[in-house]
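Here is a short, friendly briefing to read alongside the model. Please keep the sequence and the structure open as you go.

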Amino acid sequence: MRAAPLAALILGLGAGLLAGCPAPDPEPTPTTDPAPTTEPEPTTEPEPTTDPEPEPTTEPEPTTEPEPEPEPTTEPEPTTEPEPTTEPEPTTEPEPTTEPEPSTGAVTGGTTISGRVLFAGTRPKPGTKNVTKDKAACAHETVPDESAIVTADGGVANAVVYLKRVSGGRSFPASDAPIESDQKDCVFTDHVLVVPKGRVVRFLNSDATLHNVKAESLKIQFNVSVEANASADVDKFHHAGPVKLACAVHPWMDSWIFVAEHPYTVETAADGSFSLADVPPGSYRIAVWHESLGRVSGQKITVEAEGMADLDLTLK
Ligand SMILES: [Cu+2]
């Protein structure tokens with residue numbers, strides 16, 4: 001481990017970063033699992049062999065790393081939700097499967113990467129969606145449109161920031177407890193929810209009316225009813241990346257689950273801020289997913305031991 005107390009942050013403006021218009025993104029389409037050409041390690045088990053101290057800054061950058069990025073171009077915009085039964089789905093599920101699992105155990109000399117996700121374009125106007133049925137149970141005439149929430153100074157809520165190349169570091173704590181997510185007043189209370197890969201999600205219904213949760217992504221499909229004031233467990237989250245959820249009963253209801261390969265995956269706060277703690281020294285690419293405002297497909301970052309790294313990420 002390294003004693004150098006300073007933290008250095010080197011931003012590389014690599015070819016993949018700031019993928020302004022996502023369409024020309026040179027990433028291979030993830031419809032087939034990208035074969036990790038440079039990282040042959042299996043993704044489904046913790047790597048006990050991986051020393052929590054990965055390669056220092058001399059680590060070569062894989063030039064052909066398959067992109068696990070979600071393809072923003074194919075995702076339907078949820079601002080005006082079409083019929084729930086025919087809802088378009090993100091047709092290309094991102095697969096952050098090229099990342100080796102972080103090993104278990106403590107991180108020595110870890111660094112915290114923090115910053116904000118920003119939107120450089122015109123700030124979207126806060127919108128609402130009409131409640132068109134079950135108004136008594138739903139308790140409102142309209143619900144907020146959460147598909148593009150940007151603060152006055154450009155901070156982006158409901159984005160997910162994650163590292164794409166992780167060697168060592170923390171792993172998710174072992175747990176079989178379901179992660180709960182509620183439907184209340186005819187809104188998914190978690191508009192974006194990060195779920196560790198493999199965990200069960202318990203969909204609650206706090207309303208006095210029937211709800212439903214369905215997903216129709218490439219890798220994850222399910223359709224469950226959630227009775228009034230009851231819950232339903234779903235064990236389908238075994239593929240990393242975003243999954244759009246909808247309620248087949250109420251067409252305005254939608255939300256996202258982002259299935260995370262490792263704990264270096266966080267949702268932004270309401271002001272767009274994020275913090276990734278205990279990142280082992282090394283070189284990474286940091287990515288941002290947002291359902292409608294753009295992506296950061298992989299901005300290079302090198303962190304050294306025991307420090308802080310500040311980094312703002314701008315969606316394009
Ligand atoms: Cu519903």
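**The copper site**

Four protein atoms serve as donors of the copper ion, at 2.0 to 2.7 Å from it: His-211 (ND1), Cys-247 (SG), His-250 (ND1) and Met-253 (SD). Donors here are N, O and S atoms within 2.8 Å of the metal (3.2 Å for Na, K and Ca); water is not among the atoms, so sites may look incomplete. This is a predicted model, in which local features need pLDDT of at least 70 and side-chain atom pairs count only at pLDDT 80 or more, while totals for chains, interfaces and linings use all residues. Residues are numbered from 1 along each chain as its sequence is written, and side-chain values use heavy atoms, with hydrogens and water left out.

**More on the donors**

- The site of the copper ion is tetrahedral, with angles of 95 to 134° among its four donor atoms (four donors qualify if all angles lie between 85 and 135 degrees).
- Along the chain, the donors of the copper ion follow the spacing H-x35-C-x2-H-x2-M.
- Cys-247 and Met-253 are both buried (under 20% relative accessible area, 1.4 Å probe, protein chains only).

**An open sheet**

- Four strands (DSSP E runs of at least two residues, numbered from the N terminus) form an open sheet of mixed pairing, in the order 7-6-9-12.
- Strand 7 (187–188) and strand 12 (231–234) each have a single partner strand, so one side of each is left without a neighbour in the sheet.
- Strand 6 (residues 179–184) pairs with strand 9 (residues 201–205) in the parallel sense over five bridges; pairing requires at least two DSSP bridges between two strands.
- Gln-183 has Asn-205 in strand 9 as its bridge partner.

Note on methods. Four donors count as tetrahedral if all angles lie between 85 and 135 degrees; four count as square planar and six as octahedral if opposite donors are over 155 degrees apart and all others between 65 and 115; anything else is irregular. Buried means under 20% relative accessible area, exposed over 50%, partly exposed in between (1.4 Å probe, protein chains only).
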